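Reader: Hello! I am new to this structure; could you take me on a close look at the nonpolar core of the protein chain?

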Amino acid sequence: VQLVESGGGLVQAGGSLRLSCAASGSTFSIKAMGWYRQAPGKQRELVAGVTSGGGRTNYAESVKGRFTISRDNAKNTMYLQMNSLKPEDTAVYYCNAVGSYSGGVYVYWGQGTQVTVSS
């Protein structure tokens, strides 16, 4: 599975961005997907996750009510709509997928996309 993120950039506080993550390859094996972020000097953290059917989602407390994760399985694409952005949301955002086939579990990562929120 290959993951390619897009949609990052520079935005003022209070603004919005939408990140996309396009999956290719053995996408049939994907069970769950999510967005992580890593700010300078900090550990990578889970921002939001979604199950394969898109029916269940979870969010970090810091983004609840502002961010929305979704999947379009027909397009093999996952999205993260980010509203009311804050300077503390500045980070590199990574797409993540967990796949399972042939008895194994595999974790995939995208290359990351920078999100910078100015105050």
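Author: Happy to; here is the core, with a little of its setting before it. This is a predicted model, in which local features need pLDDT of at least 70, side-chain atom pairs count only at pLDDT 80 or more, and totals for chains, interfaces and linings use all residues. Residues are numbered from 1 along each chain as its sequence is written, and side-chain values use heavy atoms, with hydrogens and water left out.

The protein chain has zero helices and 11 strands, where strands (E) are DSSP runs of at least two residues and helices (H or I) of at least four, numbered from the N terminus. Of its 119 residues, 39% count as buried, meaning under 20% relative accessible area with a 1.4 Å probe, protein chains only.

Now to the core itself. A nonpolar core is a set of buried Ala, Val, Leu, Ile, Met, Phe, Trp, Tyr and Cys residues joined through side-chain atoms within 4.5 Å. The largest one holds 29 residues, and Leu3, Met33, Trp35, Leu80, Met82 and Tyr93 touch the most other members. At least two residues of this core come from each of several strands, including E3 (17-24), E4 (30-38), E8 (77-82) and E9 (91-101). In soluble globular proteins, nonpolar side chains tend to be buried together.

Met82 deserves a closer look. Beyond its neighbours within four places in sequence, Met82 is in contact with Gly15, Ser16, Leu17, Leu19, Arg66, Phe67, Tyr93 and Val115; contact means heavy atoms within 4.5 Å. Across the protein chain, 53% of the contacts with a separation of 6 or more join residues 24 or more positions apart.

Definitions and conventions
Buried < 20%, exposed > 50% of the residue type's maximum accessible area, 1.4 Å probe, protein only.
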